Amino acid sequence: MPPTAAADSAQTVYVALRHRLSAGRYAPGDRLTEVELAEELGVSRTPVREALQRLHADGLVSRAGRGAVVAGLSTKERRDLYQVREVLEQLAARSAAQRQSEGELAPVVLKNLRLKAEAINEAVAAGEPREVAQRNFELHRQIAEAADNPMLHDFLGRAWDRIAVSAVSNLTDPEWAAAVSEQHDAIIDAIAAGDPDAAAAAMAHHIHAAANRDPAVENT
């Protein structure tokens with residue numbers, strides 16, 4: 001296989017595996033073998049090995065022989081990640097609202113944020129925890145995209161992926177799901193109003209509340 005094709009294949013495998021991890025398809029401790037992944041994805045073991053090396057560098061897996069094990073997070077690591085998320089996601093919400101105040105956000109962006117929030121509520125009603133978690137991260141990613149800061153989006157993507165691997169959605173709790181829906185609406189309303197301070201405050205409240213609901217973080 002030519003070098004360029006091999007690199008493209010490794011990138012394709014990396015993206016596919018990272019998507020599976022962020023979607024909660026694998027749980028912490030699951031073993032991923034080069035042979036099985038190569039068969040599933042229809043590639044040789046070489047691009048799989050390279051993709052696993054990249055995922056290891058991302059902190060999403062640990063190498064184990066001819067494969068890898070999905071990484072979990074310690075209580076301290078989860079707490080640290082929530083602290084990082086709170087700071088970065090406040091910046092994302094603030095920047096998105098600032099862009100709205102300056103007329104830089106297209107109406108379709110705000111419409112899509114509303115649709116993402118509705119999709120979360122629909123997944124909650126359907127009782128699909130993985131779908132809820134996936135839609136929730138999609139909403140947060142879209143807010144980060146609205147900030148128009150690629151570096152911020154990249155840093156947040158890494159934090160989201162680390163949390164998603166170990167996360168079990170608790171949005172199936174009706175009371176908490178209703179609270180999250182209100183929190184999302186408050187964030188989106190502040191962005192739509194072009195109010196950076198309100199958007200940042202609403203996001204900080206949301207992330208702090210989520211951290212307090214995480215059984216591995218609360219009361220620590």
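**View 1. Length of helix 3 in the predicted model.** Helix 3 has 13 residues, and at 1.5 Å a residue these should span 18 Å. The C-alpha atoms at its two ends lie 18 Å apart, so the expected span and the model agree. The helix covers residues 45–57.

**View 2. Buried residues of helix 3.** Pro47, Val48, Ala51, Leu52 and Leu55 of helix 3 are buried. Because they cover an arc of only 135° around the axis, they are on the same side of helix 3. An α-helix has 3.6 residues a turn, so residues three or four places apart point the same way.

**View 3. The residue Gly59 after helix 3.** Gly59 follows helix 3 and has a positive phi, near 85°.

**View 4. The open sheet of three strands.** The strand order is 1-3-2, with antiparallel pairing. Strand 1 (31–33) and strand 2 (61–63) are the edge strands, and each of them pairs on one side only. On average, neighbouring strands of the sheet are turned by 30° against each other, direction ignored.

**View 5. Pairing of strand 2 with strand 3.** These two strands run antiparallel and are joined by three bridges; strand 3 comprises residues 67–70. Ser62 has Val69 of strand 3 as its bridge partner. Strands of a sheet pair through backbone hydrogen bonds.

**View 6. Helix 2 on the sheet.** Helix 2 (residues 34–41) packs on the sheet and touches strand 1, strand 2 and strand 3. The direction of helix 2 makes about 70° with that of strand 1.

**View 7. Helix 3 on the sheet.** Helix 3 also packs on the sheet, touching strand 1, strand 2 and strand 3. Its direction makes about 120° with that of strand 2.

Methods:
Residues are numbered from 1 along each chain as its sequence is written. This is a predicted model: local features need pLDDT of at least 70, side-chain atom pairs count only at pLDDT 80 or more; totals for chains, interfaces and linings use all residues. Side-chain values use heavy atoms; hydrogens and water are left out. Two strands pair if DSSP finds at least two bridges between them. Helices (H or I, at least four residues) and strands (E, at least two) are DSSP runs, numbered from the N terminus. Axes are lines fitted to C-alpha atoms, for helices over the stretch in contact, and angles run from 0 to 180 degrees between N-to-C directions. Contact means heavy atoms within 4.5 Å. The expected span of a helix is 1.5 Å times one less than its number of residues. Buried means under 20% relative accessible area, exposed over 50%, partly exposed in between (1.4 Å probe, protein chains only). The arc is that of the directions from the helix axis to the C-beta atoms.
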